[in-house]
Amino acid sequence: MFLQKGQQKVFFSRLFRRVFFEDWLMKLIALVITFALWFGVTGLRTNTKQRFQNIPLNIRVSNNLEITNSPVTEVDVIISGDKRKIDQLNPRDLVISLDLTGVQAGDRTVQILPENVLIDLPQGIKLEEIQPSKIAVKLETVEEREITVRAETEGSVAEGFELYGEPVVQPQKIRVRGPASFVRTLDFISTEKIDLTDRKEGFTAKQTPLNVANPKATLLDTVVEVSFRIGEKRIERLFQIAVETDNGTKRATVILFGARSVIENLTTDNLNVEFVKNDAGENTPKLNLPFELEGKVEIKKLKINP
């Protein structure tokens, strides 16, 4: 049913009044809210680019390879996206990961591109560029070897005392894992220095740490035990001892080595030389020491004078 011309005029007049004048305050509030929502979603979403400097670069390689040069450890990145999200980023939370697990040993020049790295960025933020875009990396095969441990000391034992023999290290060898060029040149691994200042008797340094010069090398055992024998300073002394033989009395020349107080208190009365048969049936001289001196005195020389 069509309205007459006059009726149409009245209809549109009422419609205009209802849309624009009735409940105008509520409609204005709704309009403001709608505009605010639109502006919040689109008006502040300003795309921008920003550079972040000194972002850590984490390089992953195969388990049987090691990086032996000093490649860059930090890079600059340029990212783009919503300015609000970028402004909320903390550069200290960013890390670039570069996967080289498929790269073989050797000297390599590696590209660092947005397509071949990983970085955790908010949705809508894009990694545009990395600087530098190329790095030099030297990859070496990793090897394991058993290396002798050598005890390192500092200070001197007490006056009148000395070390008896070399320190005993347990275990004597440890396994070292690292780049082949380093591991193959290792002759020994040193302990941290063990203080011997004013020591008068033997002791064992337990849980002694080891030192390794190359930070790329890994010690599979990190501590050892080192035992020291310390005693009174030792001296040598010559004795002339009478020996009874089938051809009469002869003299034996004996040189003994031991702690000063022990050697100086020895007399020929404490010593006895006799002949015993060896495995070939020959008579050979043998020095008999008092029981209490067994293990404390070393026979340096025993000879029957003509």
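One aromatic pair is found in this structure, where rings of Phe, Tyr and Trp (its six-membered ring) count as paired if their centres lie within 6.5 Å. The ring centres of Phe-203 and Phe-228 are 5.0 Å apart and the planes meet at 20 degrees, so the pair is stacked; planes under 30 degrees apart earn that label, those over 60 are edge-to-face and the rest tilted. Distant parts of the chain are linked by this pair, with Phe-203 in strand 15 (residues 203–211) and Phe-228 in strand 17 (residues 223–228), 25 residues apart. Both Phe-203 and Phe-228 are buried, that is, under 20% relative accessible area, with over 50% being exposed and values in between partly exposed (1.4 Å probe, protein chains only).

The model is predicted, with local features needing pLDDT of at least 70 and side-chain atom pairs counting only at pLDDT 80 or more, while totals for chains, interfaces and linings use all residues. Residues are numbered from 1 along each chain as its sequence is written, and side-chain values use heavy atoms, leaving out hydrogens and water.

Arginine also meets aromatic rings here: Arg-150 sits over the face of Phe-188, 3.7 Å from the ring centre, and Arg-234 over the face of Tyr-164, at 4.0 Å. For such a charge, NZ of Lys or CZ of Arg must be within 6 Å of the ring centre and within 35 degrees of the ring normal.

Turning to the whole chain, five helices and 23 strands are present, taken as DSSP runs numbered from the N terminus (helices H or I, at least four residues; strands E, at least two). Of its 306 residues, 29% count as buried.
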